[in-house]
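Me: I am new to this structure and would like a close look at a single part of it, the place where two helices pack against each other. Please take me through it slowly.

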Amino acid sequence: MRESRRRESRWRAARLALALLLAAAMAALGGCATALAPQAPPGDLFADHLFAPANTTLTEAEIFALTPAMQTYTREVQRHRRGREIRRALFEALYQRDGLQLEYDSAMTRTASQAFEARQGNCLSLVIMTAALANELNIPVVFQDIPVDDAWSRSGDLYFNSGHVNLKLGRIFRDTVSTYDSASYMVVDFLPPPDGRMKEGNVIARHTVVAMFMNNRAAEALARERFDDAYWWARQAIAADPALLYAYNTLAVVYRRHGDAALAERTLRWALEREPNSTMVLNNLAQLLDAEGRKAEAGVLRQQLARLQPVAPFHYFDLGRAAMAMGDWSRARRLFERELQRDPDYHEFHAWMAAALRQLGDHRRADEHIKRARDTSTTRTDHALYAAKLDRLRAQAAPVPQH
């Protein structure tokens, strides 16, 4: 469902979970078998009076809403089904090369109508769009949160942990209109794993998908330092699904960036009570306590964190960048190799590996890593950047014509 050159793109970016405020340390999203049952958060976690009214708010209906163009599209699917089951007709229409021509792009989280109009989106956006089309065609949908290894990215000094969602299209029984065959579903996945082996996911409710959408919007607004918008998106995410614990972490990061340390700590401790082994929350809380000079309290949290996460994400990468700054290309290459062993599909790691190899004179392998950086990039901007760089390198390497 993407251009063939991007079929090896990384399997990430359904939902964003904000990590740390500082580049010195960061953490992943963790789970805990002893987490407390979901409950409504106390009112003192919110501080509406500190933030300007939201510029944009969306309801669940607006997130999944269809435009006239989308309704026309569903009628076309119906018209050209040629006796096929309707879910099969939709599935094939989505995947056909001459169909929507959908392209993966993680630059922003789009509504169903925005993804349809742009013909692109991250996997959460494309899942929402597909669900909206399926609903118009009376096809039952099951949303899934897919277990994946930690996948990290960053924007400035904000770090993001990304997950993955897909959906299943159900089959309608012929004998009744309102009964569905729950035993037979067709998986639609906009970023299938490279080995083609689909993992069974955890079924999630539609309101959880809505909360994920709002949490993504909060993270995206925060990366642009739009704190008021980030606050209201995070607050909406929690209202949509109070059990989505990483939305509290997002809210806490908003508070700290806004200068409200006490509110940030209160929110992080609320989340930690419910997910005691969340390395992301532990790390954020330790950072906050450190900044306030409460070193002993922070130290206890860091000890717990070290047991859960002996090596932080980006650890070897940052050491490699430091080695590059000192001109130690060989050490940088070794460190980048270690980071790539942990996460072989993050474009920035490949780009820096290419730089180290070029300094070492290994131009062939450097070109290979630039290609991988291009192919694993998750935004059109990054893809174009790496493609242009690769073109320049090839032009520089081309033999000079003889006259």
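Reply: In this predicted model, helix α12 passes helix α14 in a left-handed crossing. To place the two elements along the chain, α12 covers residues 315-325 and α14 covers residues 347-359. Two packed helices are described by the angle between their axes and the distance between the axes. Here the axes of α12 and α14 come within 11 Å of each other, and they cross at roughly 30 degrees. Angles under 35 degrees count as roughly parallel, and α12 and α14 are therefore described as roughly parallel to each other.

The residues that bring the pair together can be named from both sides. From α12, the contact is made by F317, R321 and M324, while α14 contributes E348, F349, W352, A355 and A356. Sorted by character, the residues of this contact between α12 and α14 divide into 6 nonpolar and 2 charged, with no polar residue among them. The nonpolar group includes F317 and M324 from α12 as well as F349 and W352 from α14, whereas the charged residues are R321 in α12 and E348 in α14.

If you follow the two helices in the view above, a useful order is to find F317, R321 and M324 on α12 and then to look across to the residues that they meet on α14, among them W352 and A355. Taken together, the picture is of two roughly parallel helices that pass each other in a left-handed crossing, with a contact made up of 6 nonpolar and 2 charged residues.

Definitions and conventions. Residues numbered from 1 in each chain as written. Predicted model: local features only at pLDDT ≥ 70, side-chain atom pairs only at ≥ 80, totals over all residues. Heavy atoms only, no water. Axes fitted to C-alpha atoms, helices over the stretch in contact; angles between N-to-C directions. Helix = DSSP H or I, 4+ residues; strand = E, 2+ residues; numbered from the N terminus. Parallel < 35°, antiparallel > 145°, perpendicular 65-115°, else oblique. Left-handed = near helix turned anticlockwise from the far one by under 90°. Contact = heavy atoms within 4.5 Å.
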